[in-house]
Amino acid sequence: MTLPTQRDDILVSTDWLAEHLNDPVVRVVDCRYYFDGRVGREEYEKAHLPGAVYLDWSNDLSEKERPLAFKVASAERLKRVMEAIGVGDDTLLVGYDDEGGHFVSRVWLVLAAQGHGGQVRIVEGGIVKWRAEGRPLSTEPSAPRRATFTPRAPDTRHLVTAEEVNRARAEAGTSIVDVRRRTEFTGDEARARRGGRIPGAIHVLWQDNLDWDGNRTFIPVDRIRARYEAAGITPDQRVITYCQGAVRAAHSALALRMAGYPNVQIYDGSWEEWGDRDDLPIESGEPGKE
């Protein structure tokens, strides 16, 4: 599971997509998801990019049989879901959402774990930028496509377990990066049985890698790199990202790779697992004031 390194390996522009909407190799996938009561599929039905199919990634690409809500889907589940939305072995899945690729990043992570990460791209700025540019939207459902999707040999080198993270805390040259909201980092906002953070974790909010108040495109890579370097995280280090369910963490991992960080891993269980396990240590409060 080699993480992509260049912007063109991760992103496509709205201009590029407008030129390729009718390309039979391209499958446009709406990945919108909400925590505020809105329903992604309903937003899709109101308006979506022309030809896009909706993917309920939170259910369809997660192993719900496991105790954690967002564990990476099995090869069998992934095959079934990809074929249902018309994504085959030679398809370029071009995903969008309205949070700067936040949720598409999770789709990338699941496909990458089955050897298909190279066929995923994020529409930079997503539907926010598309709308701002006055481009057309549709309410028509996507035409079905026949597809054959073949999971490859599992490659989870860039996913780490809780035990690996716990060992890494003591390793020189490793930075564990908490990309959640500050309130989650301090424990003031608890989304597991315990609130707080992994001891020694450094807080770098995922959202600040984007022009959040604008079109939600990525900020320039030199500014992304400067953010992490200011926090003491340098490209020569091993970097492990985590959040609540390895969704924001996947987005941050891609941003780090674009910024020139070659050794980035993602803790799949993230705080949903760590916060519920009494055998794992936590810190809370502002650093230095525990």
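## Two parallel sheets, a buried helix and a pocket

Strand β2 (residues 26-30) and strand β4 (residues 92-96) run parallel and are joined by five bridges, where helices (H or I, at least four residues) and strands (E, at least two) are DSSP runs numbered from the N terminus, and two strands count as paired if DSSP finds at least two bridges between them. The model is a predicted one, in which local features need pLDDT of at least 70 and side-chain atom pairs count only at pLDDT 80 or more, while totals for chains, interfaces and linings use all residues. Residues are numbered from 1 along each chain as its sequence is written, and side-chain values use heavy atoms, with hydrogens and water left out.

Within the pairing of β2 and β4, R27 stands opposite L93 in β4. Both strands belong to an open sheet of five, whose order is β1-β5-β4-β2-β3 and whose pairing is parallel. Because β1 (11-12) and β3 (53-54) stand at the edges with a single partner strand each, one side of each is left without a neighbour in the sheet. Strands of a sheet pair through backbone hydrogen bonds, either parallel or antiparallel. Beyond β2, in the loop that leads to α3 (40-46), lies V39, which is partly exposed at a relative accessible area of 39%; buried means under 20%, exposed over 50%, and partly exposed in between, with a 1.4 Å probe and protein chains only. The C-alpha atom of V39 is separated by 9.9 Å from that of D56, 17 residues apart along the chain.

Another open sheet of five strands has the order β6-β10-β9-β7-β8, again with parallel pairing, and its edge strands, β6 (159-160) and β8 (202-203), each pair on one side only. Strand β7 (residues 174-178) pairs with β8 in the parallel sense over two bridges, and D178 stands opposite H203 in β8.

Strand β9 (residues 238-242) holds T241, a residue that is buried, with a relative accessible area of 0%. The side chain of T241 reaches the backbone oxygen of A249 at 3.0 Å. Leaving aside neighbours within four places in sequence, the contacts of T241 (heavy atoms within 4.5 Å) include V177, V179, A249, S252, A253 and L256. Among these partners, A249, S252, A253 and L256 are listed with the buried residues of α11. Helix α11 (residues 248-258) is mostly covered, eleven of its eleven residues being buried, and G260, whose phi is positive and near 95°, follows the helix.

S252 and A255 of this helix also touch N209, which lies in the loop between β8 and α10 (221-230) and is buried, with a relative accessible area of 0%. The side chain of N209 makes a polar contact with the side chain of Y228 at 3.0 Å; such a contact is a pair of N or O atoms within 3.5 Å, where within protein one must be able to donate a hydrogen and the other to accept it, and residues adjacent in sequence count only if both atoms are side-chain atoms.

The largest pocket holds about 390 Å³ of space. Of the 21 residues that line this pocket, the closest to its centre are F35, H102, R181, R191 and R248, the last of which is among the buried residues of α11. A pocket, on a 1 Å grid over the protein atoms alone, is an open set of points where a 1.4 Å probe fits, with protein on both sides within 12 Å along at least five of seven lines, and lining residues have an atom within 4 Å of a point.

Key:
Grid points are joined across faces, edges and corners, and a volume is the space filled by probe spheres set on the points.
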